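Q: Please take one part of this structure and go through it closely, in plain terms. After that, set it against the rest of the chain.

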Amino acid sequence: MNAVDIHGGDDLRELYRELILDHARHPRHFGTLENATHTAAGINPLCGDKLHLYLEVQNDSIRDVRFEGSGCAISVASASLLAEAVVGLTVKDALDYFRAVTARMTETEEAGDIDIGKIAALDGVREFPSRIKCATLSWHALNAALHHDAAAATTE
Ligand code: ZN
């Protein structure tokens with residue numbers, strides 16, 4: 001057998017791993033937002049991840065996103081990817097995105113046909129059930145913020 005691997009599965013996994021580490025080390029949209037119209041806190045007690053999400057929503061469109069907090073690489077990378085993904089979306093599209101991402105990560109329901117783009121980098125967490133909550137924490141915070149749910153979003 002020839003040793004050349006043309007399957008590419010491991011390459012994709014490596015690419016995703018690098019993307020997650022890059023976002024964890026250099027989170028995008030990190031910080032607070034003075035003009036925030038919607039905020040929510042998220043807590044994942046299992047891992048100790050904490051974050052606060054700030055959204056500026058105008059005319060039903062998400063103009064800007066920031067987050068701050070501390071957590072494991074997966075939770076920070078997930079929040080960073082979320083912030084990049086939802087800036088510019090309408091509130092409805094962001095909520096559709098939330099449903100698609102959480103359905104995909106938890107595999108509890110049909111994810112629908114929304115293209116979740118780079119968020120697919122987090123697919124690997126499905127092999128590690130305890131890390132799924134790290135990956136979905138920021139998305140639950142997004143959902144809570146857009147619904148003006150003042151209680152902290154928790155993965156429990
Ligand atoms: Zn975590």
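**A close look at helix α4**

A: Alanine 141 sits in helix α4, and this residue is a convenient place to begin. The model is a predicted one, so every value below is computed from predicted atoms.

With a relative accessible area of 0%, alanine 141 is buried. What does alanine 141 touch, leaving aside its neighbours within four places in sequence? Its contacts are Ala40, Ala41, Gly42, Leu51, Leu53 and Ala153. Strand β1 covers residues 38-44 and strand β2 covers residues 49-58. Ala40, Ala41 and Gly42 therefore belong to β1, and Leu51 and Leu53 to β2, by the ranges 38-44 and 49-58. Phenylalanine 98 is 43 residues away from alanine 141 along the chain, and the two C-alpha atoms are separated by 9.8 Å.

Phenylalanine 98 leads on to the helix packing, since it is one of the residues that α3 brings to its contact with α4. Helix α3 spans residues 91-106 and helix α4 spans residues 129-146. The two pack at an angle of about 155 degrees, and their axes lie 10 Å apart. That angle makes α3 roughly antiparallel to α4, because an angle over 145 degrees counts as such. The crossing of these two helices is left-handed. On the α3 side, the contact is made by Val91, Ala94, Leu95, Tyr97, Phe98, Val101, Thr102, Met105 and Thr106. On the α4 side, the residues are Ile132, Thr136, Trp139, His140, Leu142, Asn143 and Leu146. Sorted by type, the residues of this contact are eleven nonpolar, five polar and no charged.

Helix α4 also packs with α2, which covers residues 73-86. Here the angle is about 35 degrees and the axes are 8 Å apart. The crossing of α2 and α4 is right-handed. Helix α2 contributes Ile74, Ser75, Ser78, Ala79, Leu82 and Val86 to the contact, while α4 contributes Arg131, Cys134, Ala135, Ser138, Trp139 and Leu142. These residues divide into eight nonpolar, three polar and one charged. Trp139 and Leu142 of α4 are named in the contact with α3 and also in the contact with α2.

Cys134, just named on the α4 side of the contact with α2, has another part to play. Which residues coordinate the zinc ion? The donors are Cys47 (SG), Asp49 (OD), Asp49 (OD), Cys72 (SG) and Cys134 (SG), at 2.2 to 2.7 Å. Asp49 is listed with two OD donors. In sequence the donor residues follow the spacing C-x1-D-x22-C-x61-C. Cysteine 47 and cysteine 134 link distant parts of the chain. Cysteine 47 is in the loop between β1 and β2, whereas cysteine 134 is in helix α4, and their positions lie 87 residues apart in sequence. Are these two cysteines buried or partly exposed? Cysteine 134 has 0% relative accessibility and therefore counts as buried. Cysteine 47, with a relative accessible area of 35%, is partly exposed.

The stretch before α4 can be sampled through alanine 120, which is found in the loop between α3 and α4. At 8% relative accessibility, alanine 120 counts as buried, because the cut-off for that class is under 20%. Not counting residues up to four places away in sequence, alanine 120 touches Tyr16 and Arg104. Alanine 120 and arginine 104 are 16 residues apart in sequence and 8.8 Å apart in space, C-alpha to C-alpha.

Now for the rest of the chain. The secondary structure comes to four helices and four strands. From the N terminus, the elements run α-β-β-β-α-α-α-β. Helix α4 is therefore followed by a strand in this order. Of the 156 residues, 42% count as buried. Among contacts between residues at least 6 apart in sequence, 60% join residues at least 24 apart. The contact of alanine 141 with Ala40 and the zinc ion's donors Cys47 and Cys134 have already shown distant parts of the chain coming together.

How values were computed
Residues numbered from 1 in each chain as written. Predicted model: local features only at pLDDT ≥ 70, side-chain atom pairs only at ≥ 80, totals over all residues. Heavy atoms only, no water. Axes fitted to C-alpha atoms, helices over the stretch in contact; angles between N-to-C directions. Parallel < 35°, antiparallel > 145°, perpendicular 65-115°, else oblique. Left-handed = near helix turned anticlockwise from the far one by under 90°. Contact = heavy atoms within 4.5 Å. Nonpolar A, V, L, I, M, F, W, Y, C, P; charged D, E, K, R; others polar. Buried < 20%, exposed > 50% of the residue type's maximum accessible area, 1.4 Å probe, protein only. Donors = N, O, S within 2.8 Å, 3.2 Å for Na, K, Ca; no water.
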